[in-house]
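Here are my notes after a look through the model, as numbered points. Have it open beside you as you read.

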Amino acid sequence: MTGPAGKREHWASRRAFVLAAIGSAIGLGNIWRFPYVCYENGGGAFVIAYFIGLITAGIPLLILEFGLGHSTQGAAPIAMGRIHPKMEWFGWVATGVGFVICTYYAVIMSYCANYTWHSFTLAWGDNPSDFFFNKVIGLTDATKHPWALGRFMPGVFIGLAISWIWIILSIWKGTKTVGKVVYVTVLVPWAILIVFIVRGVTLPGALEGLKFYLTPVFSKLAEPQVWLAAYTQVFFSLSVGFAIMIAYASFLPRKSDIVKNAFIIGTGDALTAFLGGLAVFGALGYKAHLSGVPVSEVVRSGPGLAFVTYPEIISNLPAPQLFGLLFFLMLLTLAIDSAFSLVEAVAAATMDKWGWSHRRSNLTVGGLAFLLGIPLTFGAGLHWLDIVDRFMNQIGLSLVVLGETLLIGYYFGSERMRTYVNGLSDFSVGKWWNACIMIITPAVIAWLLISEVLARIKAPYGDSGLRSQEFVFGWLILVLIFLIAFGLQGAKGKKAPEPIRNA
Ligand code: PHE
């Protein structure tokens, strides 16, 4: 049995840890991804599939990642390396996927920052679509020549720089600053979300929108696609498989409840997504009511929902400037803790490996991610962002989760990990957890990966067809992550290996 490793920093309180993990989980995925995916996959029936995914894969994986970080007291690379000395590279792959995501996540924050500013004057005017695509991100024609990238967009660049300064300041002293910042960045968006839920469901036409969102189409549950959508949404939304939760749990003090925290974080995140849907679909019902078209025609996801449809709705509300400001502030504060959790995970890995100071690792990781994000401030930015996002979230994430379940489930032993986390927790997780880790999650992921790769080979980029260079670009980033990860495994580190601690 070993004591806590040296001077490893700790969260100031259990609440700080729970808030930081919830802050990472709750992000743009809850507000614009969940409602749309839900509506597309059977509404109320999807909610059932989602909750089954949450219980059989999401929360079990959270428990796994918390157990892994707590027992090894290391961010992903050290954690994996302590499970098996030859597996450090795999932790670097997870860290690499997280790093790539944070390069473009900050760009989305920049869009939100720009819109927070534009809310004061309702600058999107009567044609929010033209405003977003032409004036804000400059996408006009850029997708026809994506390698030329299009115009430089100073607004997006300035927003990116501001976002990065904010991210770096939030994690300046690691858990010490994060633990304080999350009180604001988790509670503020929740408070604003309540305003939007009340506003959304009381608008004329809201009921039509809500019917659309939640009418259960139970026959959908017979379609494999719906289950895949539910499981992917669970992983993405809980931020598992990005090295984050491992790093966050590695800063837990010795006596920390793991099972209860995982349940609180998992259900808190799911509830926020579900309630977020009420706000979004209530407002979409209102838009349909205003324009006299069916709800199905106003439903969009992603950038289209946040930067085109919602601004249009806001312009039609009384006190539009106020609602505009609140909405984009909500998106910004939702995104910030997801963004800094990604940076923290990478920074913690560099601190573990080379014994860097907070300042040095934050500035190196943040500076590099900022530089890599600069190409995305040109006209074709959103196009490239979308390609990288699909590859990272669908293939990168699945590979990481699959590897984790196999390594812990079969090599380390899921029963051994279960005993470990139960020894720390108020209530115990039963043997069903082993089945989730050893069978259900890997089976779902393997299936997901196979169907994803097949789909990509057949129709690489949705209906628009991905040009072969872009397809190669997506794979190239993934291959690069693996190569760098192998290189880092061999690189000399500072920290002497330590045995895994016992509960
Ligand atoms: N969980 C976040 C969301 O729901 C997304 C995210 C994934 C953030 C991975 C950071 C890392 O929006």
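1. Start with Ser-250, which is buried because its relative accessible area is 0%, well inside the under 20% that the term requires. Keep in mind that this is a predicted model. Ser-250 belongs to helix α11, which covers residues 244–250.

2. What does the side chain of Ser-250 do in there? It makes a polar contact of 2.8 Å with the side chain of Arg-8. A polar atom of the Ser-250 side chain also sits 2.6 Å from the backbone oxygen of Ala-247. If you skip the neighbours within four places in sequence, the residues in contact with Ser-250 are Arg-8, Gly-69, His-70, Gln-73, Gly-74 and Ala-75.

3. Another serine to click on is Ser-71, in helix α3 (residues 44–72). Ser-71 counts as buried because its relative accessibility is 2%. Its side chain reaches back to the backbone oxygen of Leu-68, at 3.3 Å.

4. Now the ligand. There are 14 residues around it, and those that come nearest are Ala-25, Gly-29, Phe-236, Ser-237 and Ser-239. Which polar backbone atoms should you look at? That of Ala-25 is 2.9 Å from a nitrogen atom of the ligand, and a backbone N or O atom of Ser-24 is 3.3 Å from a ligand nitrogen. For a ligand oxygen, look at Leu-28, with a polar backbone atom at 3.1 Å. How much of the ligand does the protein cover? On its own the ligand has 320 Å² of accessible area, and the protein covers 100% of that.

5. Next, helix α6, residues 128–136, where Pro-128, Phe-131, Phe-132 and Val-136 are the buried residues. Looking down the axis of α6, you find these buried residues within an arc of 95 degrees, so they line one face of the helix. As a reminder, an α-helix has 3.6 residues a turn, so residues three or four places apart point the same way. What do the buried residues of α6 pack against? Their partners are α5 (88–119), α7 (154–170), α13 (302–315) and α16 (381–424). After α6 comes Gly-138, with a positive phi near 65 degrees.

6. The aromatics deserve a point of their own, with a count of 40 aromatic pairs. One of them is Phe-196 with Phe-327, an edge-to-face pair at 5.6 Å centre to centre and 65 degrees between the planes. Phe-196 is in helix α8 (residues 175–201) and Phe-327 in helix α14 (residues 320–354), so this pair ties together parts 131 residues apart in sequence. Both Phe-196 and Phe-327 are buried.

7. That pair is also part of a wider picture: Phe-196 and Phe-327 belong to one aromatic cluster, whose members include Tyr-111, Tyr-115, Trp-124, Phe-307, Tyr-310, Phe-323 and Phe-328. Phe-131 and Phe-132 are in this cluster too, and you met them above among the buried residues of α6.

8. Last, is Leu-454 buried or partly exposed? Leu-454 counts as partly exposed, because its relative accessibility is 46%. You will find Leu-454 in helix α17 (residues 432–458). Between its C-alpha atom and that of Tyr-231 there are 18 Å, with the two residues 223 apart along the chain.

Definitions and conventions
Residues are numbered from 1 along each chain as its sequence is written. This is a predicted model: local features need pLDDT of at least 70, side-chain atom pairs count only at pLDDT 80 or more; totals for chains, interfaces and linings use all residues. Side-chain values use heavy atoms; hydrogens and water are left out. Buried means under 20% relative accessible area, exposed over 50%, partly exposed in between (1.4 Å probe, protein chains only). Helices (H or I, at least four residues) and strands (E, at least two) are DSSP runs, numbered from the N terminus. The arc is that of the directions from the helix axis to the C-beta atoms. Contact means heavy atoms within 4.5 Å. A residue is near a molecule or strand if one of its heavy atoms lies within 4 Å of it. A polar contact is a pair of N or O atoms within 3.5 Å; within protein, one must be able to donate a hydrogen and the other to accept it, and residues adjacent in sequence count only if both atoms are side-chain atoms. Accessible areas come from the Shrake-Rupley method with a 1.4 Å probe; for residues, only the protein chains shown count as cover. Rings of Phe, Tyr and Trp (its six-membered ring) pair if their centres lie within 6.5 Å; planes under 30 degrees apart count as stacked, over 60 as edge-to-face and the rest as tilted.
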